[in-house]
Amino acid sequence: MLFRPVQAVSNSRQVAEQVKRLIDEGTLTPGDRLPSERELAVQFGVSRATIREAVRSLSTLGLLEVRQGVGTLVSHHATTLEDPAYWAPWLSDHREDVMALLEVREALEVKATKLAAEAVAKGSPGVAEHLVALAKNVADMEDAARRVDVSTLERFDLEFHVILGQMSGNRYLLRLAKSINHVFPDRRAVLALPGRAAQSLEEHRRIASAIQEGRPAEAGQAYSDHLRSLQATIEEIEGE
């Protein structure tokens with residue numbers, strides 16, 4: 001059995017993450033057909049509706065293809081998703097959607113970043129543990145960026161923003177931030193571009209430093225600068 005039961009039966013993200021990991025590791029390869037919806041539901045220990053939601057999410061990311069009368073297959077693009085030659089045209093084609101998503105992220109995540117820094121300044125309960133997690137996350141990102149391991153860097157990038165949401169102390173901000181993290185593979189698309197991994201790493205360091213020092217205004221500005229940098233990268237692709 002390839003899959004293991006998930007902890008929360010209502011959370012399709014756990015299902016999607018297991019499938020994605022098997023694709024990244026090469027256990028599932030392009031053209032492979034996944035078990036039926038019913039079989040997947042049994043293996044994961046979740047409802048068929050949860051499986052359908054997970055498949056939709058992975059299809060949006062370009063990792064799976066659903067073919068009528070055939071089933072759900074691993075996309076032939078799945079092994080090329082770290083290739084800049086694939087992502088530059090993708091960013092150009094999806095420019096408006098990605099830019100709109102960045103605007104939503106700004107509204108949510110700049111606020112979460114400021115609240116995280118405020119929590120540090122106030123010495124809020126649990127902040128010490130979150131700071132340890134944040135420091136480890138940045139160190140892990142440094143290692144992935146050095147190896148130009150885009151899929152791993154993407155995972156740590158997502159984790160970074162979850163930690164900020166947790167530090168904010170606002171469960172609704174955290175929930176909303178999580179909900180937009182898997183709409184598009186925009187993070188992987190940008191991180192796959194030459195030089196972008198190192199640039200994003202440096203920007204994350206600035207954000208983390210301001211949070212660790214309990215400086216809300218500077219943390220929020222560092223995050224805004226990060227988003228402006230991402231927007232500039234995407235605009236450059238559009239202009240090429």
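Helices here are DSSP runs of H or I with at least four residues, strands are runs of E with at least two, and both are numbered from the N terminus.

**Figure 1. The whole chain, helix by helix and strand by strand.** Welcome to a predicted model; this opening view sets the scene for the close-ups. The protein chain has 11 helices and 2 strands. Read from the N terminus, its elements follow the order α-α-α-β-β-α-α-α-α-α-α-α-α. Of the 240 residues in the protein chain, 48% count as buried. Take the contacts in the protein chain that join residues at least 6 apart in sequence: 71% of these link residues at least 24 apart.

**Figure 2. The largest cavity and its lining.** How many cavities of 30 Å³ or more does the structure hold? There are 4, and the largest cavity has a volume of about 100 Å³. Its lining is made up of Val98, Leu102, Arg105, Asp157, Asp186, Arg187, Val190, Leu191, Ser200, His226, Leu230 and Ile234. Three helices each supply at least two residues of this lining: H5 (95-122), H9 (186-191) and H11 (216-239). Which element gives the largest share of the lining of the largest cavity? That is H9, with 4 residues. Sorted by class, the lining of the largest cavity has 6 nonpolar, 2 polar and 4 charged residues. A general reminder may help when viewing this space: rolling a probe the size of a water molecule over the atoms shows where empty space is left.

**Figure 3. The second largest pocket.** This pocket has a volume of about 220 Å³. Helix H2 (37-44), helix H3 (48-60) and strand S2 are the elements that give two or more residues to its lining. The second largest pocket is lined by 14 residues, and those nearest its centre are Glu37, Arg52, Val55, Val66 and Thr72. H3 provides the largest share of this lining, 5 residues. By class, the lining of the second largest pocket splits into 6 nonpolar, 4 polar and 4 charged residues.

**Figure 4. Leu73 in strand S2.** Have a look at Leu73, which belongs to strand S2 (residues 71-74). Is Leu73 buried or exposed? Leu73 counts as buried because its relative accessible area is 8%, and the cut-off for that class is under 20%. Setting aside neighbours within four places in sequence, Leu73 is in contact with Gly31, Asp32, Arg33, Leu63, Leu64, Glu65 and Arg67. One of these partners, Asp32, is 41 residues from Leu73 along the chain, and the two C-alpha atoms are separated by 5.5 Å.

**Figure 5. Two glutamates of helix H5.** Glu109 lies in helix H5, and Glu106 is found in helix H5 as well. What relative accessibility does each of them have? Glu109 counts as buried because its value is 4%, whereas Glu106 counts as partly exposed because its value is 26%. Not counting residues up to four places away in sequence, Glu109 touches His161, Ala177, Ile180, Asn181, Arg187 and Tyr223. One of these partners, Arg187, also appears in the lining of the largest cavity. With the same kind of neighbours left aside, Glu106 is in contact with Lys111, Ser224, Leu227 and Arg228. Glu106 and Gly220 are 114 residues apart along the chain, with their C-alpha atoms separated by 9.6 Å.

**Figure 6. Glu154 in helix H7.** Glu154 lies in helix H7 (residues 150-168). It counts as buried because its relative accessibility is 9%. Which residues does Glu154 touch beyond those up to four places away in sequence? The partners are Lys20, Arg187, Arg188 and Leu191. Arg187 and Leu191 are among the residues that line the largest cavity. The C-alpha atoms of Glu154 and Ala189 are 9.4 Å apart in space, while the two residues are 35 apart in sequence.

**Figure 7. A charge over a ring, and the aromatic pairs.** Where does Arg155 lie with respect to Phe156? Arg155 sits over the face of the Phe156 ring, at 4.7 Å from the ring centre. How many aromatic pairs are there when ring centres must lie within 6.5 Å? The count comes to 0.

Definitions and conventions:
Residues are numbered from 1 along each chain as its sequence is written. This is a predicted model: local features need pLDDT of at least 70, side-chain atom pairs count only at pLDDT 80 or more; totals for chains, interfaces and linings use all residues. Side-chain values use heavy atoms; hydrogens and water are left out. Rings of Phe, Tyr and Trp (its six-membered ring) pair if their centres lie within 6.5 Å; planes under 30 degrees apart count as stacked, over 60 as edge-to-face and the rest as tilted. A charge sits over a ring if NZ of Lys or CZ of Arg is within 6 Å of the ring centre and within 35 degrees of the ring normal. On a 1 Å grid over the protein atoms alone, a cavity is a set of points where a 1.4 Å probe fits but cannot get out, and a pocket is an open set with protein on both sides within 12 Å along at least five of seven lines; lining residues have an atom within 4 Å of a point. Grid points are joined across faces, edges and corners, and a volume is the space filled by probe spheres set on the points. Ala, Val, Leu, Ile, Met, Phe, Trp, Tyr, Cys and Pro count as nonpolar, Asp, Glu, Lys and Arg as charged, and the others, Gly among them, as polar. Buried means under 20% relative accessible area, exposed over 50%, partly exposed in between (1.4 Å probe, protein chains only). Contact means heavy atoms within 4.5 Å.
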